[in-house]
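Student: I've got a new model open and I'd like to talk it through. Can you put it up and take my questions one by one?

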Amino acid sequence: METTTYTTAHTRTAAGAGRLESPHTRQAFGTVRALVGAYALLGVGVLVTVAVLAMTGHAVTSFMWGRSAGVFASAAVAYWLTARAARGARWAYLRMRIISLVVPPAIIAIDVLPGTLPTWFILLQATCALAIGAAAFPLNGARLRAAFGKAR
């Protein structure tokens, strides 16, 4: 009789589970959590700044509201995905690898469109991009790639 073992995207294999518990892997995820947390805090800072300026009568565009709210929302999703990945969800890990590489250039590219945003806003958003972009290094590093391996 033949036995077949099935794994889902939500479970980790026995070989990968041990790698996720290694001190180096935990440290890498700690770094990623800190960087994604910084991305979230900076995003909140931008959103609060826009809100304060709007309440004090300064010119704030709907584009600024949308950009700052979008960065904050993406930070919340990124943090959730990071937490899932740290618990062994390969699908979340793969999404965070992509997000950490795609989001920073997207933030910068949209924000530097001539005449759309003030310099202070661009600088704050660029700082957010640096935080999430820095997370790409541990996420795409050899230790985390080895911990998740390739799907079979």
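What follows is a short back-and-forth on this predicted model.

Student: How many helices and strands does the protein chain have?
Tutor: Going from the N terminus, the elements read α-α-α-α-α-α-α. That leaves the tally for the chain at 7 helices and 0 strands.

Student: Where in the chain is confidence lowest, and where is it highest?
Tutor: The chain averages a pLDDT of 86, and 86% of the residues score at least 70. Over residues 1–16 the pLDDT drops below 50, and that stretch has 11 contacts beyond near neighbours in sequence. Where pLDDT is low, the predicted coordinates should not be read in detail. By element, the lowest mean is 53, in helix H1 (residues 14–20), and the highest is 96, in helix H6 (residues 136–139).

Student: Which helix gives the most to the largest nonpolar core?
Tutor: That core has 34 residues, and Phe29, Tyr39, Tyr93, Met96, Ile132 and Leu139 have the most contacts inside it. Helices H2, H3, H4, H5 and H7 each supply at least two of its residues. The biggest contribution, 8 residues, comes from H2.

Student: What does Met96 touch, leaving aside neighbours within four places in sequence?
Tutor: Met96 is among the core residues with the most contacts. Two others from that group, Ile132 and Leu139, turn up among its partners. The full set is Val36, Ala78, Leu81, Thr82, Ile132 and Leu139.

Student: Is Ser100 buried or exposed?
Tutor: Ser100 sits in helix H4. Outside four places in sequence, it touches Ile132, Gly133, Ala135, Ala136, Leu139 and Asn140. Its relative accessibility is 2%, and the cut-off for burial is under 20%, so Ser100 counts as buried.

Student: And why does Phe72 count as partly exposed?
Tutor: Phe72 lies in helix H3. Partly exposed covers the range between the 20% and 50% cut-offs. Phe72 falls in that range because its relative accessible area is 35%.

Student: Which residues form the nonpolar patch on the surface, and what is their accessible area together?
Tutor: H2 brings the largest share, 4 residues, while Phe72 comes from H3. The members are Val44, Val48, Val52, Met55 and Phe72, and together they have about 440 Å².

Student: How much of the surface that the protein chain exposes do carbon and sulfur atoms supply?
Tutor: Buried residues make up 34% of the 152 in the chain. The chain exposes about 8,800 Å², and the carbon and sulfur share of that is 68%.

Conventions. Residues are numbered from 1 along each chain as its sequence is written. This is a predicted model: local features need pLDDT of at least 70, side-chain atom pairs count only at pLDDT 80 or more; totals for chains, interfaces and linings use all residues. Side-chain values use heavy atoms; hydrogens and water are left out. A nonpolar core is a set of buried Ala, Val, Leu, Ile, Met, Phe, Trp, Tyr and Cys residues joined through side-chain atoms within 4.5 Å. Buried means under 20% relative accessible area, exposed over 50%, partly exposed in between (1.4 Å probe, protein chains only). Contact means heavy atoms within 4.5 Å. Patches are made of residues with over 30% relative accessible area and no salt bridge: like charges are joined within 9 Å, nonpolar side chains (Val, Leu, Ile, Met, Phe, Trp, Tyr) within 5 Å. Accessible areas come from the Shrake-Rupley method with a 1.4 Å probe; for residues, only the protein chains shown count as cover. A salt bridge is a side-chain nitrogen of Lys or Arg within 4 Å of a carboxyl oxygen of Asp or Glu. pLDDT is the predictor's confidence in each residue, from 0 to 100.
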